[in-house]
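Let's work through a few exercises together, with the model open beside you. Try each task yourself before reading the solution.

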Amino acid sequence: MDAARIVARSLPASGVLVLEGVDDLEDRVVVRVRSERAPQCPDCLSSQVSYHSRYDRHLQDLPWQGRQVQIRFATRRFRCRNSKCARKIFAECVPEVARSRARESSRLSCRVVLKEALAQS
């Protein structure tokens, strides 16, 4: 099994995310991903959308071999084409990876909460 397949299978929500590349930097490993999920307006649930833009979302993930791991998620933004919907522009959401506006992956958040709970008991 090649390294790219191993990294791709290790991603949170590996069935949803597509690995675009891995950057081995001096202080961290950056994993570049994008979603393949079909877009849908979060308000009206319409799939009648058009592409607006994209931006990179930087998420801290679980460390690997003592090194920090950052997920660079190429997040797409869309326009809702439903004329009755109040929402005009929205960013794709992949809750299996991270909550909205979160700066860390869901699995890192779970680890931190568990560690704090154990420390209090």
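**Exercise 1.** In β4, which residue is the bridge partner of Val33?

*Solution.* Please keep in mind that this is a predicted model. Begin with the strands: β2 and β4 run parallel and are joined by seven bridges. Now look for Val33 and step across to β4, where its bridge partner is Phe73.

**Exercise 2.** Work out how β1 and β2 are arranged, and find the partner of Gly21 in β2.

*Solution.* First, locate β1 at residues 17–24; this strand pairs with β2 in the antiparallel sense, over seven bridges. Next, follow the chain from β1 to β2: a hairpin of three residues makes the connection. Finally, pick out Gly21, whose bridge partner in β2 is Arg32.

**Exercise 3.** Find the residues with the most contacts inside the largest nonpolar core, then look for another core.

*Solution.* The largest nonpolar core has 13 residues, and Val33, Phe73 and Val97 have the most contacts inside it. Then ask which strands feed this core: β2 (28–35) and β4 (67–80) each supply at least two of its residues. Another core, of five residues, lies apart from it, and includes Phe78, Cys80, Cys85 and Phe90. Val33 and Phe73 should look familiar, as they are also the bridge partners from the opening exercise.

**Exercise 4.** Describe the largest pocket by its volume and its lining.

*Solution.* Start with the volume, which is about 510 Å³. Then turn to the lining: it has 21 residues, and those nearest the pocket centre are Phe90, Ala91, Glu92, Cys93 and Ser100. Two elements, β3 (49–64) and β5 (89–91), give two or more residues to this lining. Sort the lining by chemistry and you get eleven nonpolar, three polar and seven charged residues.

**Exercise 5.** Are Leu45, Ser46 and Gln65 buried or exposed?

*Solution.* Take the loop between β2 and β3, where you will find Leu45 and Ser46. Leu45 has a relative accessible area of 54%, so this residue is exposed. Ser46, at 11%, falls under the 20% cut-off and is therefore buried. The side chain of Ser46 also reaches the backbone nitrogen of Gln48 at 2.9 Å. Now move to the loop between β3 and β4, which holds Gln65; with 68% relative accessibility, Gln65 counts as exposed.

As a last step, check the backbone. Leu45 has a positive phi, near 65°, though it is not a glycine. Gln65, not a glycine either, has a positive phi of about 55°.

How values were computed:
Residues are numbered from 1 along each chain as its sequence is written. This is a predicted model: local features need pLDDT of at least 70, side-chain atom pairs count only at pLDDT 80 or more; totals for chains, interfaces and linings use all residues. Side-chain values use heavy atoms; hydrogens and water are left out. A nonpolar core is a set of buried Ala, Val, Leu, Ile, Met, Phe, Trp, Tyr and Cys residues joined through side-chain atoms within 4.5 Å. Buried means under 20% relative accessible area, exposed over 50%, partly exposed in between (1.4 Å probe, protein chains only). Helices (H or I, at least four residues) and strands (E, at least two) are DSSP runs, numbered from the N terminus. Two strands pair if DSSP finds at least two bridges between them. On a 1 Å grid over the protein atoms alone, a cavity is a set of points where a 1.4 Å probe fits but cannot get out, and a pocket is an open set with protein on both sides within 12 Å along at least five of seven lines; lining residues have an atom within 4 Å of a point. Grid points are joined across faces, edges and corners, and a volume is the space filled by probe spheres set on the points. Ala, Val, Leu, Ile, Met, Phe, Trp, Tyr, Cys and Pro count as nonpolar, Asp, Glu, Lys and Arg as charged, and the others, Gly among them, as polar. A polar contact is a pair of N or O atoms within 3.5 Å; within protein, one must be able to donate a hydrogen and the other to accept it, and residues adjacent in sequence count only if both atoms are side-chain atoms.
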